Amino acid sequence: MIRTPRGTKDILPSDMKKWNFIEQKFAETCKLFSYKEIRTPIFENTEVFSGGVGEGTDIVGKEMYTFDDRGGNQMTLRPEMTASLVRSAIEHNLMDTGVQRLWYYGPFFRYERPQKGRQRQFHQFGAELLGSASPMADIEIISLCTQLISSCGIRNYKLLLNSLGNKSSRAKYLSNLKDYLKDNRDNLSEVSQTRLEQNPLRILDSKSPDDRKIIDSAPLLINFLDDKSSDHFAKVKELLSTININYEVEPKLVRGLDYYSHTVFEFQSTSLGAQDAFGGGGRYNELFEQLGGKNVPAVGFAMGAERLLLILESLGKLPKDEECIDIYIISADKNIEDIICKTRDYLLSENISTLCDINSRSFKAQFKEANKLNAKWVLIIGTNEIESGKFTLKNMQTSEQIEILISEIPSYINKL
Ligand code: HAM
């Protein structure tokens with residue numbers, strides 16, 4: 001049997017109601033906040049991500065699906081959206097018309113070791129606010145996330161917050177951190193030793209117990225913020241409190257993408273196990289310039305759809321996959337296909353969802369099917385009914401039956 005590739009999943013018809021539920025919640029929340037949808041290609045020139053997300057990150061270094069197309073151009077299946085979206089905003093001069101509020105949803109690809117909540121093809125919802133350096137923009141994005149989370153019925157989660165400061169604060173901190181880590185080099189894990197030169201910030205994310213001991217006493221970026229960066233962070237915290245969004249400052253939160261500056265944040269849930277972050281984001285004031293654009297401050301977030309579903313599943317907050325149709329036509333005579341087709345066609349044209357048997361099954365089997373489909377009504381058509389012109393319509397809830405002309409059905413059932 002040919003199966004789905006490792007780390008990918010089919011979304012079967014029986015799962016669709018749950019997916020549509022969260023997709024709808026997200027679209028509604030974005031509409032509430034006046035965000036507009038954007039769609040970009042699933043693959044991009046590799047430089048969008050190597051230049052945008054950063055050569056030193058795990059995503060670019062180890063996880064990208066990169067290939068040469070038949071023309072010899074190097075392409076990458078998008079591992080995330082922010083770099084693609086900024087590429088698109090630059091290419092189409094979107095900033096010429098001022099601040100942009102954009103949202104997206106779709107599949108993303110990372111070659112990671114699959115486990116609960118971690119796939120190689122996964123889905124993200126995200127929103128990006130382009131063209132503002134104000135802390136109010138950070139707040140808008142975070143509050144869009146919390147609104148989405150609460151509209152899905154999730155109450156129990158943590159919002160972790162940190163500031164990575166501006167470029168010069170980060171540079172000062174990085175040289176300090178590097179010195180500290182170099183002094184402890186021999187006790188670092190092998191992976192962290194290799195990260196020391198390329199991306200020392202990522203060492204703070206390490207789960208290795210040896211690394212953790214060293215990280216616990218490492219210098220903190222928050223103590224290296226210059227006045228401007230500190231003021232920005234203070235205002236973000238103040239405004240979050242003003243609108244009653246609870247957060248915890250986590251000074252070691254660095255996130256896995258190189259483009260961040262100032263505010264970074266992550267949403268964590270205890271319902272998830274090891275992969276406990278179900279959403280995250282932050283400010284990226286330098287990304288436009290990195291990808292060849294003008295200086296455009298921006299902030300955004302993305303949420304993993306699979307992880308959101310896992311949380312909602314564990315809380316029992318997902319809608320059941322219940323089918324429901326208006327009318328199931330039961331035919332008591334195998335030779336009246338023309339009447340069945342005509343009747344169904346008429347009812348469908350009146351916007352009444354209608355199904356009928358197409359495999360010449362017994363009367364009993366057809367009734368069973370009508371029950372399974374939660375039909376509100378069954379319409380019984382047999383030779384006698386055709387002669388009288390009136391068909392039997394049975395209300396499946398009350399079991400009441402009436403004789404009715406086909407043309408009277410729409411107004412009859414819409415009245416009830
Ligand atoms: P990220 O933290 O890499 O951020 O991903 C955001 C979310 O996508 C994660 O919190 C997680 O829920 C989900 N996710 C990531 N990788 C996987 C995976 N392999 N399997 C399942 N779910 C996954 C970004 O992608 C940034 N672009 C977010 C952002 C937008 N920052 C600013 N704007």
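# Briefing: ligand shell, aromatic rings, cysteines and loop residues

Tyr259 is a buried residue, with 2% relative accessible area. The structure is a predicted model. Tyr259 pairs with Tyr260 in an edge-to-face arrangement, and Tyr260 is itself among the residues that come nearest to the ligand. The points below take up the ligand shell, the aromatic rings, the cysteines and two loop residues in turn.

**Ligand shell**

- The ligand is surrounded by 27 residues, of which Glu80, Glu112, Gln119, Glu128 and Tyr260 come nearest.
- By class, this shell around the ligand consists of ten nonpolar, ten polar and seven charged residues.
- Glu80 approaches the ligand through its side chain, where an N or O atom lies 2.5 Å from a nitrogen atom of the ligand.
- Phe278 takes part through its backbone, with an N or O atom 3.1 Å from an oxygen atom of the ligand.
- Gly304 likewise presents a backbone N or O atom, at 3.2 Å from an oxygen atom of the ligand.
- On its own, the ligand has 650 Å² of accessible area, and the protein covers 95% of that area.
- Three elements, strand 6 (121-130), strand 10 (277-283) and strand 11 (298-304), each give two or more residues to the shell around the ligand.
- Strand 10 makes the greatest contribution to the shell, with six residues.

**Aromatic rings**

- In the whole structure, 17 aromatic pairs are found.
- One of these pairs joins Tyr259 and Tyr260, whose ring centres are 4.8 Å apart and whose planes meet at 65 degrees.
- The pair counts as edge-to-face because the angle of 65 degrees exceeds the cut-off of 60 degrees.
- Both partners are buried: Tyr259 has a relative accessible area of 2%, and Tyr260 has one of 5%.
- A single aromatic cluster is formed by Phe26, Trp103, Tyr105, Phe125 and Phe301.

**Cysteines**

- No disulfides are present in the structure; the number is zero.
- For Cys30, the closest cysteine sulfur is that of Cys145, and the separation of 9.6 Å is too far for a bond.
- This follows from the cut-off, because a disulfide requires two cysteine sulfur atoms within 2.5 Å.
- Cys324 is also in no disulfide, and its nearest cysteine sulfur, in Cys356, is 17 Å away.
- As to exposure, Cys30 is buried at 0% relative accessibility, whereas Cys324 is partly exposed at 49%.

**Loop residues with positive phi**

- Ser34 is not a glycine, yet its phi is positive, at about 65 degrees.
- Ser34 is located in the loop that runs between helix 1 (16-32) and strand 1 (36-37).
- With a relative accessible area of 53%, Ser34 counts as exposed.
- Asn244, another residue other than glycine, has a positive phi near 55 degrees.
- The loop between helix 9 (227-242) and strand 8 (248-249) holds Asn244.
- Asn244 is exposed, and its relative accessible area is 67%.

Terms used
Residues are numbered from 1 along each chain as its sequence is written. This is a predicted model: local features need pLDDT of at least 70, side-chain atom pairs count only at pLDDT 80 or more; totals for chains, interfaces and linings use all residues. Side-chain values use heavy atoms; hydrogens and water are left out. Buried means under 20% relative accessible area, exposed over 50%, partly exposed in between (1.4 Å probe, protein chains only). A residue is near a molecule or strand if one of its heavy atoms lies within 4 Å of it. A polar contact is a pair of N or O atoms within 3.5 Å; within protein, one must be able to donate a hydrogen and the other to accept it, and residues adjacent in sequence count only if both atoms are side-chain atoms. Accessible areas come from the Shrake-Rupley method with a 1.4 Å probe; for residues, only the protein chains shown count as cover. Helices (H or I, at least four residues) and strands (E, at least two) are DSSP runs, numbered from the N terminus. Ala, Val, Leu, Ile, Met, Phe, Trp, Tyr, Cys and Pro count as nonpolar, Asp, Glu, Lys and Arg as charged, and the others, Gly among them, as polar. Rings of Phe, Tyr and Trp (its six-membered ring) pair if their centres lie within 6.5 Å; planes under 30 degrees apart count as stacked, over 60 as edge-to-face and the rest as tilted.
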